[in-house]
Amino acid sequence: MAEVEVKEGSVKVSGQTLFFREAVPLQTSPKQPPVLLLHGIRFSSLDWLKLNTMQKLAAAGHRAVAIDLPGLGQSKDAVAPSPLGEPAPAGFLQEVLQSLNMVPAVIISPSLSGMYSLPLLVNQPQNIAAYVPVAPICTDKFPAQDYARVQVPTLIVYGDKDEQLGEVSLRNLKNLPNHEVLCMKGAGHACYLDDPETWHNGLLQFLSNLK
């Protein structure tokens with residue numbers, strides 16, 4: 001694996017402080033888009049570090065930034081811009097990307113983080129280089145015609161044992177015209193934890209095929 005550097009920091013968004021972790025390739029590769037990793041309600045940026053997802057992305061030439069979402073992890077003092085489970089204003093995640101100098105970015109968005117990523121995807125898709133939803137919430141909050149207008153390359157990921165959000169999110173996100181599907185066999189809701197190898201292989205292959 002190529003050498004990478006991992007560091008920590010914080011960023012101000014709407015007057016609040018969010019914690020982040022960052023992995024960067026020691027040899028810069030200007031062609032690869034940066035990757036923003038979001039997380040679910042029981043998780044934080046630390047999980048992407050422990051799973052080696054950040055390091056693998058950096059080794060492949062991407063700047064990988066994992067933030068702790070408001071109220072969670074080391075951002076627990078920050079207040080979410082909308083109630084949990086309700087779509088947040090698209091401007092919130094846009095401000096995160098701008099503050100981190102990451103526009104446009106690949107966005108990896110599991111579970112709870114759908115409340116942040118989907119409003120940006122639907123309303124300001126030009127900020128997103130590619131989208132990797134992993135059984136996110138809130139997919140049913142947007143009509144099919146909203147998805148149909150979005151041309152962002154998308155890798156829809158879910159575990160076939162995730163009987164709640166997996167099927168619902170797939171059904172809605174399939175309305176995105178430029179999508180591929182990675183169904184992880186035998187994996188549950190946090191499918192990347194159940195089968196890290198399949199997750200990393202699928203993710204890196206998708207990213208390597210981006211134009």
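**View 1. Strand β5 lies alongside β6 in a parallel pair.** Six bridges hook β5 (residues 105–110) up to β6, and the two strands run parallel. Everything in these views comes from a predicted model. Two of the partnerships can be picked out by residue: Ser109 has Pro133 in β6 as its bridge partner, and Pro110 has Val134 in β6. If you're wondering what does the holding in a pairing like this, strands of a sheet pair through backbone hydrogen bonds, either parallel or antiparallel. How many of the seven residues of β6 are buried? Six of them are, so this strand is mostly covered.

**View 2. Zooming out, β5 and β6 belong to an eight-stranded open sheet.** Reading across, the order is β1-β2-β4-β3-β5-β6-β7-β8, and the pairing is mixed. Which strands sit at the edges? They are β1 (4–13) and β8 (179–184), each of which pairs on one side only. Going from one strand to the next, the twist averages 20°. Helix α3 (residues 90–99) packs on this sheet. Along the way α3 touches β1, β2 (16–25), β3 (35–37), β4 (64–67) and β5. The direction of α3 makes about 130° with that of β1.

**View 3. Helix α4 is tucked in among its neighbours.** Nine of the ten residues of α4 (residues 114–123) are buried, so the helix is largely enclosed by the rest of the structure. The buried ones are Gly114, Met115, Tyr116, Ser117, Leu118, Pro119, Leu120, Leu121 and Val122. What do they pack against? The buried residues of α4 have α3, β5, β6, α5 and α6 for company. One of these residues, Leu118, turns up again in the next view, as a contact of Thr139.

**View 4. Thr139 is a loop residue with a polar contact to Asn172.** Look for Thr139 in the loop between β6 (128–134) and α5 (144–148). Is this loop residue buried or exposed? Its relative accessibility is 1%, so Thr139 counts as buried, the cut-off being under 20%. The side chain of Thr139 makes a polar contact with the side chain of Asn172, at 3.0 Å. Setting aside neighbours within four places in sequence, Thr139 is in contact with Leu118, Tyr147, Val168, Ser169, Asn172 and Leu173.

**View 5. Lys174 sits in a loop and is partly exposed.** This lysine is found in the loop between α6 (165–173) and β8. With a relative accessible area of 46%, Lys174 is partly exposed. Which residues does Lys174 touch, once those up to four places away in sequence are left out? Ile156 and His179 are the ones. To get your bearings along the chain, take Ser208: it is 34 residues from Lys174, and the C-alpha atoms of the two are separated by 22 Å.

**View 6. Aromatic rings gather around Trp48 and Tyr192.** The whole structure contains six aromatic pairs. In one of them, Trp48 and Tyr192, the ring centres are 4.8 Å apart and the planes are at 35°, so the pair is tilted. Trp48 belongs to helix α1 (residues 45–50) and Tyr192 to helix α7 (residues 191–194), so the pair ties together parts that are 144 residues apart in sequence. Both partners are tucked away: Trp48 counts as buried at 2% relative accessibility, and Tyr192 does too at 5%. Tyr192 also pairs with Trp199; here the ring centres are 5.9 Å apart and the planes are at 50°, so this pair is tilted as well. Trp199 is buried, just as Tyr192 is. Put together, Phe43, Trp48, Tyr192 and Trp199 form one aromatic cluster.

**View 7. The cysteines here leave the disulfide count at zero.** There are zero disulfides in the model. Cys138 is in none, and the nearest cysteine sulfur, that of Cys191, is 18 Å away. Cys138 is buried, with a relative accessible area of 5%. Why does Cys191 not bond to Cys183, which has the closest cysteine sulfur? The two sulfurs are 8.9 Å apart, too far for a bond, because a disulfide would need them within 2.5 Å. Cys191 itself counts as buried, at 0% relative accessibility.

Terms used
Residues are numbered from 1 along each chain as its sequence is written. This is a predicted model: local features need pLDDT of at least 70, side-chain atom pairs count only at pLDDT 80 or more; totals for chains, interfaces and linings use all residues. Side-chain values use heavy atoms; hydrogens and water are left out. Helices (H or I, at least four residues) and strands (E, at least two) are DSSP runs, numbered from the N terminus. Buried means under 20% relative accessible area, exposed over 50%, partly exposed in between (1.4 Å probe, protein chains only). A polar contact is a pair of N or O atoms within 3.5 Å; within protein, one must be able to donate a hydrogen and the other to accept it, and residues adjacent in sequence count only if both atoms are side-chain atoms. Contact means heavy atoms within 4.5 Å. Rings of Phe, Tyr and Trp (its six-membered ring) pair if their centres lie within 6.5 Å; planes under 30 degrees apart count as stacked, over 60 as edge-to-face and the rest as tilted. Two strands pair if DSSP finds at least two bridges between them. Axes are lines fitted to C-alpha atoms, for helices over the stretch in contact, and angles run from 0 to 180 degrees between N-to-C directions.
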